[in-house]
Amino acid sequence: MPTLTLKFKDNKLGEYPIEPGKSLTIGRKESNDISIENLAVSGHHAKVDAVGEEYLLTDLKSKNGSFVNKELVTTHWLRHGDKIIIGKHCLVFEYNEGEKRPPAAAAGTMDQTMVMDTDKYKDMLSKAAPAAKKAAVATGVLSYLAGGEGEIELTKKLTKIGKASSCDIVIGGLMMGKTAATISKRPNGYSLAFVEGMTKPKVNGETVKDAVMLKEFDNIEFGAVKMQFFIKS
């Protein structure tokens with residue numbers, strides 16, 4: 001499993017492995033998995049979620065922001081060697097030698113963000129604005145077929161499903177995992193990944209053992225709860 005190494009200047013302060021299907025919280029309060037005693041760090045500053053074979057950093061609306069390789073981010077899919085800057089501390093994300101890495105993490109430059117000159121950026125932004133207003137934004141939606149009512153829009157980059165009260169979609173059941181599954185919003189669509197628990201999700205009657213890309217009108221089951229996935233513009 002990959003590791004976050006906490007550093008202050010040249011001093012190594014600790015190593016924190018990220019277990020599959022788990023999360024690590026980062027902040028000034030001692031209740032965090034990684035506690036950083038620095039006034040520049042918010043009480044609950046950021047978190048890292050294991051999503052299938054990938055790892056997602058999310059800033060928790062911190063006062064001073066989270067940076068990856070000196071770039072301010074709100075969410076970021078982590079790659080080997082990424083340096084997360086929180087306050088005056090650095091967290092280095094690294095896979096162990098010989099450890100399997102997902103294609104996105106191993107691809108290097110494929111998922112990097114280009115840093116643009118400010119004037120050029122403003123010029124391009126002003127030209128793109130009229131077209132952006134006309135563009136329709138497609139959002140995934142889960143509509144209850146059984147075990148609930150209404151619709152749930154998948155607006156987050158990562159939606160958690162399970163019996164824990166902290167999940168975005170709470171589904172009870174003795175065999176249901178605290179975080180049974182996640183739905184991650186990707187550039188190419190929505191991915192449903194099994195995380196933990198005896199009750200595994202099913203898509204169109206087929207058990208999801210790892211992860212699957214959702215298609216419009218797929219039927220998703222979590223025990224007695226049934227939902228249908230569709231895209232709304």
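Let's begin in a loop: Asn204 is found between β18 (202-203) and β19 (206-207). In this predicted model, Asn204 has a positive phi of about 55° although it is not a glycine. Asn204 has a relative accessible area of 44%, so it counts as partly exposed.

Asn69 gives you another residue to look up. Its place is in the loop between β7 (66-68) and β8 (71-73). Asn69, which is not a glycine, has a positive phi of about 50°. With a relative accessible area of 37%, Asn69 is partly exposed.

**Strand β5 and its partners**

Now turn to β5 and the strands beside it. How many of the residues of β5 are buried? The count is five of six, and β5 is described as mostly covered. On one pairing, β5 meets strand β3 (residues 23-27) in the antiparallel sense over four bridges. Within that pairing, Leu24 stands opposite Val48 in β5.

β5 also runs antiparallel to β6, and six bridges join them. Here Ala46 has Asp59 in β6 as its bridge partner. β5 and β6 form a hairpin with two residues between them. In the turn of this hairpin you will find Gly52, with a positive phi of about 65°. As general background for these pairings, strands of a sheet pair through backbone hydrogen bonds, either parallel or antiparallel.

**A pocket lined in part by these strands**

Strand β5 appears again when you look at the second largest pocket, as it supplies three residues of the lining, the largest share. That pocket has a volume of about 470 Å³. Its lining consists of 22 residues, of which Ser23, Lys47, Asp49, Leu158 and Lys160 lie nearest the centre. Three strands, β5 (46-51), β6 (54-59) and β14 (158-162), each supply at least two residues of the lining. What classes of residue make up the lining of this pocket? There are six nonpolar, seven polar and nine charged residues.

**A five-stranded sheet**

β14 belongs to an open sheet of five strands, in the order β15-β14-β16-β17-β20. The pairing in this sheet is mixed. Which strands are at the edges? They are β15 (169-170) and β20 (211-213), and each pairs on one side only.

Inside the sheet, strand β16 (residues 181-186) and strand β17 (residues 189-194) run antiparallel, joined by six bridges. To see how they line up, find Ala181, which stands opposite Phe194 in β17.

Phe194 also takes part in a contact with a charge: the charged end of Lys200 sits over its ring, 5.2 Å from the centre. A similar arrangement involves Arg186, whose charged end sits over the ring of Trp77, 4.4 Å from the centre of that ring.

**Aromatic rings**

The structure holds four aromatic pairs. Two of them are set out here.

| Ring pair | Distance between centres | Angle between planes | Arrangement |
|---|---|---|---|
| Tyr55 and Tyr95 | 6.3 Å | 70° | edge-to-face |
| Phe93 and Tyr95 | 5.3 Å | 85° | edge-to-face |

Why is the pair of Tyr55 and Tyr95 called edge-to-face? The planes of their rings are at 70°, and planes over 60 degrees apart count as edge-to-face. For Phe93 and Tyr95 the planes are at 85°, so this pair is edge-to-face too.

The pair of Tyr55 and Tyr95 links distant parts of the chain, 40 residues apart. Tyr55 lies in strand β6, while Tyr95 is in the loop between β11 (89-94) and α1 (103-106). Are these two tyrosines buried or exposed? Both Tyr55 and Tyr95 are buried. Phe93 is buried as well. Together, ring pairs link Tyr55, Phe93 and Tyr95 into a cluster.

**One more residue to find**

Finally, look for Glu153, which lies in strand β13 (residues 151-153). Glu153 counts as partly exposed because its relative accessibility is 40%. Its C-alpha atom is separated by 6.1 Å from that of Gly140, and the two residues are 13 residues apart along the chain.

Terms used
Residues are numbered from 1 along each chain as its sequence is written. This is a predicted model: local features need pLDDT of at least 70, side-chain atom pairs count only at pLDDT 80 or more; totals for chains, interfaces and linings use all residues. Side-chain values use heavy atoms; hydrogens and water are left out. Two strands pair if DSSP finds at least two bridges between them. On a 1 Å grid over the protein atoms alone, a cavity is a set of points where a 1.4 Å probe fits but cannot get out, and a pocket is an open set with protein on both sides within 12 Å along at least five of seven lines; lining residues have an atom within 4 Å of a point. Grid points are joined across faces, edges and corners, and a volume is the space filled by probe spheres set on the points. Ala, Val, Leu, Ile, Met, Phe, Trp, Tyr, Cys and Pro count as nonpolar, Asp, Glu, Lys and Arg as charged, and the others, Gly among them, as polar. Rings of Phe, Tyr and Trp (its six-membered ring) pair if their centres lie within 6.5 Å; planes under 30 degrees apart count as stacked, over 60 as edge-to-face and the rest as tilted. Buried means under 20% relative accessible area, exposed over 50%, partly exposed in between (1.4 Å probe, protein chains only). A charge sits over a ring if NZ of Lys or CZ of Arg is within 6 Å of the ring centre and within 35 degrees of the ring normal.
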